[in-house]
Amino acid sequence: MSLQPYVNKRVLVVTADGRTLTGDLLSCDQLTNLVLGQTVERVIRPSDDPEPSTEVSHGLYLIRGENVAICGLVDEDLDGQIDWTQVRGGIIGGVKHV
């Protein structure tokens, strides 16, 4: 499946090492290399962690295709209603290449 229809739209990417990034998809290629603009990394903390979850701004961001596990469109209306500092969750494990 091509990601070309997602260009210039807000996407969420889960990387092979379990990081969660959102940003505007500016470009992609046949190897799934992605260029994101206005990128934010969401660091979701487990429920037993006293620190709040955070969002870290990265701006322009390049993700190599081999590190992309999932890429999907973001429902911006729903996303805007969520206070990400209050979200808690388990750690996403990494991807195993065989």
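Let me start with one cut-off: a residue counts as buried under 20% relative accessible area, as exposed over 50%, and as partly exposed in between. Keep that in mind for valine 35. One caution as well: what you see is a predicted model.

So, where does valine 35 fall, buried, exposed or partly exposed? Its relative accessibility is 27%, so valine 35 counts as partly exposed. It sits in strand S3, which covers residues 34-43.

Now its neighbours. Leave out residues up to four places away in sequence. Valine 35 then touches Asp24, Leu25, Leu26 and Ser27. It also touches Leu60, Tyr61 and Leu62. Tryptophan 84 is another matter. It is 49 residues from valine 35 along the chain, and their C-alpha atoms are separated by 23 Å.

Let's step back to the whole chain. The protein has one helix and five strands. What order do they come in, from the N terminus on? The run is β-β-β-β-β-α.

Next, overall dimensions. A compact globule of 98 residues would have a radius of gyration near 13 Å. This protein has 14 Å, which agrees. Along the principal axes, the C-alpha atoms fill a box of roughly 40 × 35 × 20 Å.

How much of the protein is buried? Of the 98 residues, 34% count as buried. Then contacts. Take those between residues at least 6 apart in sequence: 55% of them join residues at least 24 apart.

On to the core. The largest nonpolar core has 14 residues. Val13, Leu25, Leu34 and Ile63 have the most contacts inside it. Which elements give two or more residues to this core? They are strand S1 (10-15), strand S2 (20-28), S3, strand S4 (54-63) and strand S5 (68-73). S2 gives the largest share, three residues.

Let's look at one of those core residues, valine 13. Again, skip residues up to four places away in sequence. Valine 13 touches Arg19, Thr20 and Leu21. Leu34, Leu36 and Ile63 are also among its contacts. Val68, Ile70 and Cys71 complete the list. Note that Leu25, one of the best-connected core residues, is also touched by valine 35.

Last, the surface and the charges. The accessible surface comes to about 6400 Å². Carbon and sulfur atoms account for 52% of that. There are 8 positive and 14 negative side chains. How far apart do the centres of the two sets lie? They lie 5 Å apart.

Notes
Residues are numbered from 1 along each chain as its sequence is written. This is a predicted model: local features need pLDDT of at least 70, side-chain atom pairs count only at pLDDT 80 or more; totals for chains, interfaces and linings use all residues. Side-chain values use heavy atoms; hydrogens and water are left out. Helices (H or I, at least four residues) and strands (E, at least two) are DSSP runs, numbered from the N terminus. The radius of gyration is taken over C-alpha atoms; the globule rule is 2.2 Å times the number of residues to the power 0.38. Buried means under 20% relative accessible area, exposed over 50%, partly exposed in between (1.4 Å probe, protein chains only). Contact means heavy atoms within 4.5 Å. Accessible areas come from the Shrake-Rupley method with a 1.4 Å probe; for residues, only the protein chains shown count as cover. Lys and Arg count as positive and Asp and Glu as negative; His and the chain ends are not counted. The place of a charge is taken as NZ of Lys, CZ of Arg, CG of Asp or CD of Glu. A nonpolar core is a set of buried Ala, Val, Leu, Ile, Met, Phe, Trp, Tyr and Cys residues joined through side-chain atoms within 4.5 Å.
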